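Q: Hey, could you walk me through this protein? I'm new to reading structures.
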Amino acid sequence: MGHAIVHHFGEGAAVWGQVITPSIAHLLQSERELRIDFSQVRPGIVVEVETARALLPHVIDASTQRFHVGTTAYRHAAGRADATVEAVVRVDVGGDCTLKVWGRATAENPSPQEPASIHNPASTTPMIFKVTFWEISRANDARFDQLLRESAEKDREIQQLRAQVALAMCSQ
């Protein structure tokens, strides 16, 4: 159970599914902290990716997972408290293999008002993650993922610089 599934697919093939099996649940819950990438399509930016840490993962049923995510990272990715965001959870499962779980993340109890905790970098928001697809594959696409993150970061920096230039032009 758990890590044994990786050894059968270490030569380059991938195993995948659409429901959380007991072995996948074990892999997800064996880590105290997971990496999650929220993705959002925004005007002027093709895809924006916000990377955060998912803490205390818990599998609720065959398609649902619960964890806590930094409030600031989630709000930045989602834009508002009650938004549903596309996300990918990644777990290094050993043997140069990675478990990727795609789905949609929503705050468990969204509050329409902005809580004071949004400005506290240590605050977390409980999330419900609905799984749509998972895959265990060789971690050979790490370079592509890095390029995707760098591209999103550059797009974000360009938008910030444009905003600064616009503000500077207004003050003159």
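A: Sure, here is a chat about the core, the strands and the salt bridges. Keep in mind that this is a predicted model.

Q: Let's begin inside. Which residues touch the most other members of the largest nonpolar core?
A: Those are Leu-28, Phe-38, Leu-99 and Ile-136, and the core has 34 residues.

Q: Which elements give two or more residues to this core?
A: There are helices and strands on that list, including α2 (22-29), β2 (33-42), α3 (71-78) and β7 (124-138).

Q: Any general reason for a core like that?
A: In soluble globular proteins, nonpolar side chains tend to be buried together.

Q: OK, α3 then. How many of its residues are buried?
A: Six of its eight, so you can call α3 mostly covered. Among the buried ones are Thr-71, Tyr-74 and Arg-75. Just after the helix comes Gly-79, with a positive phi of about 90 degrees.

Q: New topic: how do β5 and β6 run, parallel or antiparallel?
A: Antiparallel, with 10 bridges joining them. One facing pair is Val-91 and Leu-99, the latter in β6. The two strands form a hairpin with two residues between them, and Gly-95 in the turn has a positive phi of about 60 degrees.

Q: And salt bridges? How many does a search of the whole structure find?
A: Seven. In one of them, the side chains of Arg-90 and Asp-37 meet at 3.0 Å, N to O. Arg-90 is in strand β5 and Asp-37 in strand β2, so this pair ties together parts that are 53 residues apart in sequence.

Q: Are those two buried or exposed?
A: Both Arg-90 and Asp-37 are buried. They also belong to a network of salt bridges that includes Arg-35.

Q: What about Glu-86, which residue does its side chain meet in a salt bridge?
A: Arg-104, at 2.6 Å, N to O. Glu-86 sits in strand β5 and Arg-104 in strand β6, 18 residues apart. Glu-86 has a relative accessible area of 36%, so it counts as partly exposed, and Arg-104 is partly exposed too, at 38%.

Q: Last one: where do Glu-153 and Arg-156 lie?
A: Both are in helix α4 (residues 142-171), three residues apart, about one turn of the helix. Their side chains meet in a salt bridge at 2.7 Å, N to O. Glu-153 is partly exposed, with a relative accessible area of 34%, whereas Arg-156 counts as buried because its relative accessibility is 16% and the cut-off for buried is under 20%.

Definitions and conventions:
Residues are numbered from 1 along each chain as its sequence is written. This is a predicted model: local features need pLDDT of at least 70, side-chain atom pairs count only at pLDDT 80 or more; totals for chains, interfaces and linings use all residues. Side-chain values use heavy atoms; hydrogens and water are left out. A nonpolar core is a set of buried Ala, Val, Leu, Ile, Met, Phe, Trp, Tyr and Cys residues joined through side-chain atoms within 4.5 Å. Buried means under 20% relative accessible area, exposed over 50%, partly exposed in between (1.4 Å probe, protein chains only). Helices (H or I, at least four residues) and strands (E, at least two) are DSSP runs, numbered from the N terminus. Two strands pair if DSSP finds at least two bridges between them. A salt bridge is a side-chain nitrogen of Lys or Arg within 4 Å of a carboxyl oxygen of Asp or Glu.
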